[in-house]
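User: I am new to this structure and would like to learn how to read its features. Could we go through them one at a time?

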Amino acid sequence: VAIRSSSLLEDSHYQPFAGIFSTYMIPYLDDKFEMIRMISDGIKAVYASVFYKDSKSYMVATQNIIDQEKMAVVLQEVAGSQYNNRFYPTISGVARSINYYPLGDEKQEDGVVQMGLGLGKYIVDGNQGLRFSPLHANKILQLSDVNTALKETQTRFYSLSTDPIVEDFSIDDSFNLKKLGLKEADSDGTLQYISSTYDPNDMVIREGYYPGGRKIISFVHILQHNMLPLADVLDKVLKICRNEMGREVEIEFAVNLISQREAIFYLLQIRPIVDSKEVISEDLSLIDPNDTIMYSKNALGHGSIKDIQDIVYVKTEGFNPANNQLIAREIEDLNKKFIDSDINYVLVAPGRWGSSDPWLGIPIKWPHISQARIIGEITLDQYRIDPSQGSHFFQNLTSLGVAYFTINPFIENGGFFNEEFLNGQEAIYETKYIRYVTFKKPFTIKVNGKKKIGVAMKPDH
């Protein structure tokens with residue numbers, strides 16, 4: 001049984017207040033008195049979570065008063081099956097009706113899903129699941145090549161311990177959950193229909209479950225071979241929920257796979273997307289580009305950032321792609337300093353980011369620019385490269401929520417990069433190829449993912 005809160009503020013359509021209070025899970029026991037004791041302790045622990053430090057600070061941040069809060073407690077059946085002394089569903093995940101990082105021919109309104117093996121807390125907590133758009137389930141970035149699949153797919157999962165809870169309930173609501181490796185799932189027999197197998201001898205990933213070899217959580221039979229119509233179900237549910245709520249929605253779901261032909265789909269929760277950082281009510285198209293450092297009408301991501309003061313950019317005057325490998329090393333060295341001081345920054349350069357071909361752009365890998373939170377890709381008159389999102393690169397953009405601005409001043413509404421303004425600022429660090437500028441005050445960055453407009457404002461604008 002899951003014991004979770006249902007409060008006035010949490011379930012409001014217009015306030016960002018989801019997932020702040022605790023949800024406890026307790027196992028089923030034959031001893032009914034022991035079961036009642038655990039349920040009773042769980043209910044007390046959910047009420048107590050209103051007074052936890054995180055909840056109180058969230059109340060202050062959203063300008064709510066704790067006296068106004070009223071809470072009921074919901075007891076909900078946990079989806080899943082029992083395997084020895086652990087309990088979990090085959091699949092769980094989160095789906096959103098809008099996708100701020102559409103790839104290729106995906107559209108924003110097609111939505112996006114993040115799902116994995118085991119209990120949904122693994123996905124909700126931001127761990128690595130499989131990401132795909134329901135209408136494009138046969139094109140999954142994480143499975144596009146062997147290296148990406150090995151690095152960027154799920155390696156662990158959560159299960160509920162079915163042992164009785166004898167100790168006091170912890171502030172950490174996952175205290176009786178087990179975080180396990182895929183070998184445990186393999187011994188439970190739950191990987192048979194949801195995995196592919198890496199063959200180290202041929203260095204290929206074979207679709208489906210085979211003895212030996214590392215297992216990749218690919219859901220290949222379900223998403224690509226239509227063993228179950230899960231992608232269609234998610235697409236329909238998202239559209240129905242969006243129409244009924246009259247706004248973009250997020251759902252939590254689980255699937256328990258019983259056999260190759262039978263499964264149960266659980267719709268666990270529906271909520272409107274009203275995350276405060278995602279409410280961009282301002283019309284960014286009315287902003288004068290001259291008030292900006294960077295302006296793009298082809299931006300990925302969504303939300304606003306107000307705590308960045310630093311910009312690193314590759315000088316465009318005299319730019320020569322023959323120097324791209326040298327530039328990559330300089331940026332990598334600078335990024336190490338940002339890591340040491342825990343500073344985020346904006347990074348701008350001509351050509352494709354993350355390209356393995358140094359003639360098409362700066363040939364860097366993600367760890368070399370890991371502190372960048374906004375990445376700009378600009379087109380030059382003598383250097384017109386089609387914008388691209390390399391697979392490893394794009395995977396990190398989406399999982400870390402990094403905004404991506406594409407700027408091509410040679411087409412109508414192609415955007416604007418105010419290098420002249422930056423050149424007028426004193427540089428903290430400068431080489432033949434790159435320049436690093438910091439401002440005394442943070443500047444505001446806003447991205448409207450629905451309209452694909454992104455702006456980085458000049459300080460004090």
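Analyst: We can start with a single residue and its surroundings. Leu180 touches Arg86, Thr155, Arg156, Phe157 and Ser159, with residues up to four places away in sequence not counted. Keep in mind that this is a predicted model.

User: Where does Leu180 lie?

Analyst: Leu180 has its place in strand S10, which covers residues 177-181. The C-alpha atoms of Leu180 and Arg156 are separated by 5.4 Å, though the two residues are 24 residues apart along the chain.

User: Does Leu180 count as buried or exposed?

Analyst: The idea is to compare the relative accessible area with a cut-off: buried means under 20%. Leu180 has 11% relative accessibility, so Leu180 counts as buried.

User: Let me try the same reading on a loop residue. Where is His136, and is His136 buried or exposed?

Analyst: His136 lies in the loop between strand S8 (130-132) and helix H4 (146-151). With a relative accessible area of 12%, His136 is buried.

User: Which residues is His136 in contact with, leaving aside its neighbours within four places in sequence?

Analyst: His136 is in contact with Asp105, Glu106, Lys107 and Asp110, once those neighbours are left aside.

User: Next, salt bridges. What is the general idea, and how many salt bridges does the structure hold?

Analyst: When their charged atoms come close, side chains of opposite charge can pair. The structure holds 14 salt bridges. One of them joins the side chains of Lys139 and Asp105, at 3.3 Å from N to O. Lys139 is in the loop between S8 and H4, and Asp105 is in the loop between S6 and strand S7 (112-116), so this pair links distant parts of the chain, 34 residues apart.

User: Are Lys139 and Asp105 buried or exposed?

Analyst: Lys139 counts as partly exposed, at 47% relative accessibility. Asp105 also counts as partly exposed, at 46%.

User: What about the salt bridge between Glu248 and Arg242?

Analyst: The side chains of Glu248 and Arg242 meet at 3.4 Å, N to O. Glu248 is buried, with a relative accessible area of 17%, and Arg242 is buried as well, at 18%.

User: Which parts does the salt bridge between Glu250 and Arg96 tie together?

Analyst: The side chains of Glu250 and Arg96 meet at 2.7 Å, N to O. Glu250 lies in strand S14 (residues 249-257) and Arg96 in strand S6 (residues 91-96), so the pair ties together parts that are 154 residues apart in sequence. Both Glu250 and Arg96 are buried. A network of salt bridges links Arg96, Glu250, Glu252 and Arg271.

User: How do I read the sheet: what is the order of its strands?

Analyst: Read a sheet by following which strand pairs with which. Here five strands form an open sheet in the order S8-S7-S6-S14-S15, and the pairing is antiparallel. S8 and strand S15 (263-272) are the edge strands, each pairing on one side only. From one strand to the next, the twist averages 20°.

User: How many bridges join S6 and S14, and what packs on the sheet?

Analyst: S6 and S14 pair in the antiparallel sense over six bridges. Gly93 stands opposite Phe253 in S14. Helix H7 (residues 230-245) packs on the sheet and touches S6, S7, S8, S14 and S15. The direction of H7 makes about 150° with that of S14.

Technical notes
Residues are numbered from 1 along each chain as its sequence is written. This is a predicted model: local features need pLDDT of at least 70, side-chain atom pairs count only at pLDDT 80 or more; totals for chains, interfaces and linings use all residues. Side-chain values use heavy atoms; hydrogens and water are left out. Helices (H or I, at least four residues) and strands (E, at least two) are DSSP runs, numbered from the N terminus. Buried means under 20% relative accessible area, exposed over 50%, partly exposed in between (1.4 Å probe, protein chains only). Contact means heavy atoms within 4.5 Å. A salt bridge is a side-chain nitrogen of Lys or Arg within 4 Å of a carboxyl oxygen of Asp or Glu. Two strands pair if DSSP finds at least two bridges between them. Axes are lines fitted to C-alpha atoms, for helices over the stretch in contact, and angles run from 0 to 180 degrees between N-to-C directions.
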